[in-house]
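Let's take a friendly walk through this protein together, going from the whole chain to its helices and then to its strands. Keep the viewer open as you read.

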Amino acid sequence: MTNFPKQIREWYFQHGRRLPWRDTKDPYKIWISEIILQQTRVDQGLQYFHRFIKAFPSVQSLARASETRLMQLWQGLGYYSRARNLHHAAQTIVNEHNATIPQTYEKINTLKGIGPYTAAAIASFAYNLPHAVVDGNVYRVLSRYFASDIPIDSSAGKKYFFSLANELLDKKDPATHNQAIMDLGALICKPTKPLCHQCPVSQHCAAFATGTQQDFPVKSKRTTRKKRHLNFLIIISDEHIVIEKRIGNDIWNGLFQFPVIESSEPFTVARISDHLKIKNKISSLKITKLLEKKHLLTHQELHSVFFKIDFPSEEDFRKWVNTTPFETIALNRINEIPFPQLIQQNLKKLLPPGES
Ligand code: ADE
């Protein structure tokens, strides 16, 4: 057990990944990489990281960015509140910290969108301060190594693993230690089929000794997903399509979408037709179902159905659109619009050929 830091360090020097955010001590780049990596795997995160840093090379440029540009760069990563929090924190850093990322764990931890994990990552990677990172990889490595069955999603479990990780931390080189334990979790101590025969600490791993790797980490709760039915309306007239900016406090706030009717159960063409006729006093609409998609998020199961709506005439369409808060955009500019991934991925199937 006492050799744990030394063994993972030696392993990391031989087998750790060279990644652009590890070749720098720039806290801004480290911060951006950590927020991106909360959303995606390293291989996909790399492309986002390079594009983001190219567009916003400094905290000042991020603070000045428009929300639409930021959303375009974030598109596909999901959880858009993370991008908005980045923006907010960049503005705080510029306005209240003289455009310098704070240099203590406690101060970093006060920035919007930064919690104990990200604060420890920035404090250790950029400033080599002795704060252990505790992410999913670390929970897995430590719970297996010590065969600890305290649920990692309980407050007792969080406290326990936080203290354990900090006790084990190599205080002389926290940056390397933290990268090493995360890489060990990502490359060797994997969620399924861990590569124990390549593991530098398997000799002292309690789960390996008893063949119980798959029993750890222990969780108390099972995630349940809320079902939502989203009925999107594809309304095209005269080379223009109707879109709406999404407002409200959810993961897509600030992105655009097609007008949507949310329902608690699936909607048929007839239900859509009734809904539009009653709400908008429109008769003789032609409605066609184009596509259905199921999409799983951490806490939601989205059932999206896309309906094409044809108005009897351009005049009817204009009259209707003028009574709504919706916008129209020329079809040949649709690629400039930040949509949620759910819509972006299906644009080709939803629009007339050659328009996406
Ligand atoms: N996942 C989260 N942070 C990471 C990092 N710094 N390197 C590799 N994977 C990560």
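We can begin with one side chain and its surroundings. Once the neighbours within four places in sequence are left aside, tyrosine 12 is in contact with Arg17, Arg22, Thr176, Gln179, Ala180 and Asp183. Please keep in mind throughout that this is a predicted model. Tyrosine 12 belongs to helix 1, which covers residues 4-15. Is this tyrosine 12 buried or exposed? Its relative accessible area is 12%, and since buried means under 20%, tyrosine 12 counts as buried. For a sense of distance, look from tyrosine 12 to glutamate 314: the two are 302 residues apart along the chain, and their C-alpha atoms are separated by 65 Å.

Now step back to the whole protein. Its secondary structure consists of 16 helices and seven strands, and the C-alpha trace spans about 75 × 50 × 35 Å along its principal axes. Of the 356 residues, 49% are buried. The accessible surface comes to about 18100 Å², and carbon and sulfur atoms account for 50% of that area. If you are thinking in terms of contact maps, here is a useful number: among contacts between residues at least 6 apart in sequence, 66% join residues at least 24 apart.

Next, turn to a pair of helices. Helix 9 (residues 136-145) and helix 11 (residues 174-188) have axes that come within 8 Å and cross at roughly 80°. An angle from 65 to 115 degrees counts as roughly perpendicular, so that is how helix 9 and helix 11 stand to each other. On the helix 9 side, the contact is made by Asn137, Val138, Arg140, Val141 and Leu142, while helix 11 contributes Ile181, Met182, Leu184, Gly185 and Ala186. Sorted by character, the residues of this contact are seven nonpolar, two polar and one charged.

Staying in helix 9, we find serine 143. This serine 143 is buried, because its relative accessible area of 0% falls under the 20% cut-off. Apart from neighbours within four places in sequence, serine 143 is in contact with Ser148, Phe161, Phe216 and Pro217.

The strands come next, and strand 2 (residues 240-245) is a good place to start. Strand 1 (residues 226-237) pairs with strand 2 in the antiparallel sense over two bridges, with isoleucine 236 opposite isoleucine 241. These strands form a hairpin with two residues between them, where aspartate 238 takes a positive phi near 50°. Strand 2 also pairs with strand 7 (residues 327-330), again in the antiparallel sense, over four bridges. There, histidine 240 has alanine 330 of strand 7 as its bridge partner. Strand 2 is joined to strand 3 (residues 256-257) as well, by two bridges and in an antiparallel arrangement; glutamate 244 stands opposite glutamine 257 in this pairing.

One more hairpin completes the tour. How many bridges join strand 5 (residues 286-296) to strand 6 (residues 300-310)? There are ten, and strand 5 and strand 6 run antiparallel. Three residues lie between the two strands of this hairpin. To find your way along the ladder, look for lysine 294, which stands opposite histidine 303 in strand 6.

Methods. Residues numbered from 1 in each chain as written. Predicted model: local features only at pLDDT ≥ 70, side-chain atom pairs only at ≥ 80, totals over all residues. Heavy atoms only, no water. Pairing = 2+ DSSP bridges. Axes fitted to C-alpha atoms, helices over the stretch in contact; angles between N-to-C directions. Parallel < 35°, antiparallel > 145°, perpendicular 65-115°, else oblique. Contact = heavy atoms within 4.5 Å. Nonpolar A, V, L, I, M, F, W, Y, C, P; charged D, E, K, R; others polar. Buried < 20%, exposed > 50% of the residue type's maximum accessible area, 1.4 Å probe, protein only. Areas by Shrake-Rupley, 256 points an atom, 1.4 Å probe, with all protein chains shown as cover.
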